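Biologist: I should be grateful for a close look at a single part of this structure, set out for a reader who is new to it.

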Amino acid sequence: MYDEKRVGCNAAVRYHEQNANFDPVHSISRIKVRIDKTRLVVEVDEHASGQWINCHEMTLPFSADWLRTSTIGISASTGAVADNHDIIRFDTYSEFMDATIGAVDSETVMNSVSKDYKNWLDSPNCGTDCIIAILQKELSNFRIDAEHRFTELKEKTENTVGKLKKQESENERRVREIETQVRNGIDSSLEETKKVLGAEVNEKIVKQLEKNPDIASGGWKTPFALLFVGMVAGAAYVYHKYQALMKSHLL
């Protein structure tokens, strides 16, 4: 199989839609694969101009009737990191040299030269039938171009929306983490402040009792009043501290 003489060819059959020369209507290449029992012939029409170039010919190491149990598979994808390609048309013929292939070639040639149709409108040789044919072809070309542009816009929009959703999810996760950190920081600061205030209030009460030992035996109103005043002062301090912590963490 690999020892046979083969004829290779080079053809630019890949197109990039961001290229300035790209045209959804005319940026087309064709490949013809002909099989006669074990004979395989591959031809390429690089610019869809109707000019076929012999690319490869070989004898297949199969039985003569191998096509009876064969299937055809085509993929327009070249991988996740590469561009996809559109399969515009696929024709099959029962004969190795089918005569109807010429009709398809003629149709392809007419499509290829349609890019210059607008110049024909000003020609004195282009009558009514000519003008109608040109306008019909222009309408057909416009539909193909519009379909391609709309598909391109749809794919780009879907990709953009997908990226935005992913970014939004990531932002929400970060916000939740920040809220948790702020809440934990505030709770920790308030707990520490409460302990400090409690110690300060106890210390003040002890000092008052040491300075005025008669307070302990003078009834419950005076100590209670002092304790109440201390608690109010402590609560005010805690609230002020809480507001300061909220501002410092959230800003």
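Modeller: The account below turns to strand β2 and its surroundings, after a short view of the whole chain.

The model is a predicted one, in which local features need pLDDT of at least 70 and side-chain atom pairs count only at pLDDT 80 or more, whereas totals for chains, interfaces and linings use all residues. Residues are numbered from 1 along each chain as its sequence is written, and side-chain values use heavy atoms, with hydrogens and water left out.

The protein chain has four helices and three strands; these are DSSP runs numbered from the N terminus, helices being H or I runs of at least four residues and strands E runs of at least two. Along the sequence they follow the pattern β-β-β-α-α-α-α. Of the 251 residues of the chain, 17% count as buried, where buried means under 20% relative accessible area, exposed over 50% and partly exposed in between, with a 1.4 Å probe and protein chains only.

Strand β2 spans residues 39-45. The strand is mostly covered, since six of its seven residues are buried. On one side, β2 pairs with β1 in the antiparallel sense over seven bridges; two strands are said to pair if DSSP finds at least two bridges between them. D36 stands opposite R39 of β2. The hairpin of β1 and β2 has two residues between the strands, and K37 there takes a positive phi near 60 degrees. β2 also pairs with β3, again in the antiparallel sense, over six bridges.

The residue V42 shows how these pairings look at one position. The bridge partner of V42 in β3 is H56. Leaving aside neighbours within four places in sequence, V42 is in contact with I31, K32, I53, N54, C55 and H56, contact meaning heavy atoms within 4.5 Å. One of these, K32, lies in strand β1, residues 30-36. K32 counts as buried because its relative accessibility is 16%. With the same neighbours within four places set aside, K32 is in contact with V41, V42, E43, W52 and I101.

V42 also belongs to the largest nonpolar core, whose seven residues are L40, V42, V44, C55, M58, L60 and W66. Such a core is a set of buried Ala, Val, Leu, Ile, Met, Phe, Trp, Tyr and Cys residues joined through side-chain atoms within 4.5 Å. Both β2 and β3 (53-59) supply at least two residues of this core, and β2 gives the most, with three. In soluble globular proteins, nonpolar side chains tend to be buried together.

Charged residues take part as well. R30 forms a salt bridge with D45, their closest N and O atoms being 2.9 Å apart; a salt bridge is a side-chain nitrogen of Lys or Arg within 4 Å of a carboxyl oxygen of Asp or Glu. R30 lies in β1 and D45 in β2, so the pair ties together parts that are 15 residues apart in sequence. R30 and D45 are both buried. By the rule given above, the salt bridges come to nine.

A pair elsewhere offers a contrast. E177 and R173 meet in a salt bridge at 2.4 Å, N to O, and both lie in helix α3 (residues 128-211), four residues apart, about one turn of the helix. E177 is partly exposed, with a relative accessible area of 38%, and R173 is partly exposed at 33%.
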